[in-house]
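Colleague: Please take a close look at one part of this structure, a place where two elements pack together, and then say how the rest compares with regard to packing and backbone.

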Amino acid sequence: MLRNITSLSTKRSIARYLSSQTAAVRSGHEFSLDAVRPTLSSFIPEEEPLTVTQFTHGQSNPTYILTSEATGKRWVLRKQPNGTLLRGAHAVDREYDILSKLRGRIPVPNVRVFQDDKTVLGTPFYVYDYVDAEFYKDCRFANARDHAHRRAMIDDMVKTAGDLHMVDYEDAGLGEYGKVGGYLKRQIKVWSSQFRATEDKEEPNPAMEYLMDFLPSALPSISDQTTIVHGDIRPDNMLFHPSGSVAAVVDWELSTLGHPGTDLALLTTPYHTPREMPILGGLMDSTDEELRQDGIPSEFEFVTSYVDTTGNSSVVSELDYHLAFASFRMASILQGVYSRAKKGNASSAEALKVGKLSGVIAGLGKRHAKRYEKNPGRLGSTASAGAARGMATRAGKTPEQIRDEVERFIEDEIIPVESEVLAKAYKGGEGSWEEHPILEELKIKAKEQGLWNLFLPDHSGLTNVEYATMAEKMGRSLIASEVFNCQAPDTGNMEVLHMFGTPAQQKEWLEPLMDGKIRSAFGMTEPMVASSDATNMESSITEDGDELILNGRKWWTSNGCHPNLAFYIFMGRDSSVTSDTPRHRQHSMVLVPKAAEGVETLRPLTVFGYDDAPHGHSEVVFDNVRVPKENVIGGIGEGFTIAQARLGPGRIHHCMRLIGMAERCLEQAVKRADERVAFGKPLSEFQSNQTYFAQSRIDIDMARLLVLNAAKKVDEGGAKLAKQEIAQIKVVCPAMASNVADGAMQIHGGAGLSHDFPMAHMFAWARVLRLADGPDEVHLQGIARDELKSQRKKRK
């Protein structure tokens, strides 16, 4: 159902809206009120006089307003069009089904009744309560009250789309609403068939021919994500409260279980169409800065907001493919509209004109396809030189082969020199803060073998599940991750710049970081506030002309003392926020060069006496540090969006390394127990030690399965969809590794507490990770909250 741009904040404006958007029922679309009355009797008394008008806009299912002459109350009646229809098209029964089941989960109209008896009105129909709300047909939300109101509506539009994709379709009773997986393949086939059934042989559409060849041959690497999809989600299929929040999403004719990227593509299409584009208009004629001045986010900010809601960043890296698909599908739909219009069956008088746009839209899809072929991941980063070399070296290797090479490299090259490298750090003094030359030699070897930057799927070609198995191997050594350039916090910072950095930021900071030439630090935790609630942050970011002024004190800033440290990512609260600014839109991330005036490293902090030289965990003061506004990552107010995208994969990496640590501790414990004799028998024959061996094996294997399950969910739908699983592993793995390391130290006796064995240092790391990336208590609270919600839903 499509409506005109106007404000509906008063009864008078509602009346104007109805008069401008509705009219007398058109010829060929009439129906008998007497015939429909029995169907409406449960909520409209049969004696209550009704008037019927028809919406003047819309190309699909005829839609009417029923108005009570006595009370002024309104209902919407939506029916299938008359005439012969394509199989599966105009399924109003599905619309009724999904609206009834989504009620209370996302904003939708309240449905009243469905009638499938075709003898009543000639075709099936359903009725829902009219929603008194604001409507905007133009993608620019031209009649918004001001820029803030416009931005609020756009932000909530994106959030609502994300919320829809986050709905558990099984829990909502929609598990049979569509097939799971294979959506893109099926849709390409369906819409190709639909186009063939309605194409005009006298008016060829070469762009559609191109898309029908391209789309099935270029499916995204992760093409089987499955969520509820609206199928036609746009501003003109949403209604808004005066506050700017979404009041209802309508027009569910094309909804099903499908790939969320298709919905996101529909929402971002206006960024690629001109202002004069029929129906919604377009935004491509305006620069990002011009859009921001009008309260409209850039395309980058738009999709970042979507990732903030869903945690699903994979759809962004392949957005041009989904844009090509969205254009292809719309062109096929418009071809059907055009065909029906020529036969006199289309709902709108404008259908003939609109239907002729099929070729224009297909041409837009072809441009997206060409861009996707040329530059996949347009909104992400370009590959650095180092990453490109790594990809070339790894060409033709399976993930299993790469994992085996990683394992051999660790056992043959790293562990034999591990104690020598660590001894330099343990010795203390100024020399300990210099990187051991052996590490540089190992890095060169690893890079030459293509074992480099394996953590980043867009560069390595590895999924999170595949990389997780390699992270476990790296966890066996305290220095292995760094050898492969897969060490925290650099991995998280590289992910941030890869996903959210501008081309200039990527050139200056990401490329040398991925090439191993520099190191980075992340400044988030603060000594004066409870950091379990990150919104407590006191550090400030103040705008001053073309610059930002940063003030704050950070600690536990890993890499803060490294001799190759080049920059910090500083997270702080924007000084411009007001009480109306949402909690998680108040912070930003800013790139700060180490050499910037006002940056002072106070000291390295220790963990159980370990200072973790040469990188360390520093306390740093930022005193009126000035940086250019271009150093903001992703945009002002996007700090928490970026932080969530950063933390999801990082927690998986940490947890798999912990499993590797636990495996080595257990291995060391068994070896020690077989070699040492007490009271006339090996330690391995004592029941208490055997209990430790057995329990450790059980705990390690359970933890591994939990982490691989979380990694699989991230691969399928992003970190947000796997938030429960990620929280679980963040609680389980550090505790498990601490227990295994503690038992191994016990079996080693006094030797286990020394630097002669790795257990003590590994125990310290495991204990740190019960606090890092959020303490256990925060994750347990989130898990409990979701469980309570889930169980209470089951009882309803």
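Modeller: In helix 25, Lys723, Gln724, Ala727, Gln728, Lys730 and Val731 meet Asp776, His779, Leu780, Gly782, Ile783, Asp786 and Glu787 of helix 27, where contact means heavy atoms within 4.5 Å. By class, the residues of this contact are 4 nonpolar, 4 polar and 5 charged; Ala, Val, Leu, Ile, Met, Phe, Trp, Tyr, Cys and Pro count as nonpolar, Asp, Glu, Lys and Arg as charged, and the others, Gly among them, as polar. This is a predicted model, in which local features need pLDDT of at least 70 and side-chain atom pairs count only at pLDDT 80 or more, while totals for chains, interfaces and linings use all residues. Residues are numbered from 1 along each chain as its sequence is written, and side-chain values use heavy atoms, with hydrogens and water left out.

Helix 25 covers residues 723-748 and helix 27 residues 776-795; helices (H or I, at least four residues) and strands (E, at least two) are DSSP runs numbered from the N terminus. Their axes come within 9 Å and cross at roughly 140°. Such axes are lines fitted to C-alpha atoms, for helices over the stretch in contact, with angles from 0 to 180 degrees between N-to-C directions. Helix 25 and helix 27 are therefore oblique to each other: angles under 35 degrees count as roughly parallel, over 145 as roughly antiparallel, 65 to 115 as roughly perpendicular and the rest as oblique. Their crossing is left-handed, that is, the near helix is turned anticlockwise from the far one by less than a right angle (clockwise would be right-handed).

In the loop between helix 26 (759-768) and helix 27 lies Asp773. Asp773 is not a glycine, and its phi is positive, near 60°. With 24% relative accessibility, Asp773 counts as partly exposed; buried means under 20% relative accessible area, exposed over 50%, and partly exposed in between (1.4 Å probe, protein chains only).

Another helix pair can be set beside this one. Helix 7 (residues 206-217) and helix 14 (residues 358-374) have axes that come within 8 Å and cross at roughly 40°. This pair is therefore oblique as well, and its crossing is left-handed. The contact of helix 7 with helix 14 has 8 nonpolar, 2 polar and 3 charged residues.

The backbone has further points to check. Asp612, in the loop between strand 16 and strand 17, has a positive phi of about 50° although it is not a glycine. At 9% relative accessibility, Asp612 counts as buried. In that loop, between strand 16 (599-605) and strand 17 (617-628), lies Pro614, joined to Ala613 by a cis peptide bond with omega about 10°. The peptide bond from Ala488 to Pro489 is also cis, with omega near 0°. Most residues other than glycine have a negative phi, and most peptide bonds are trans.

As for the whole, the protein has 27 helices and 19 strands. Of its 796 residues, 57% are buried. Among contacts with a separation of 6 or more, 75% are between residues 24 or more positions apart.
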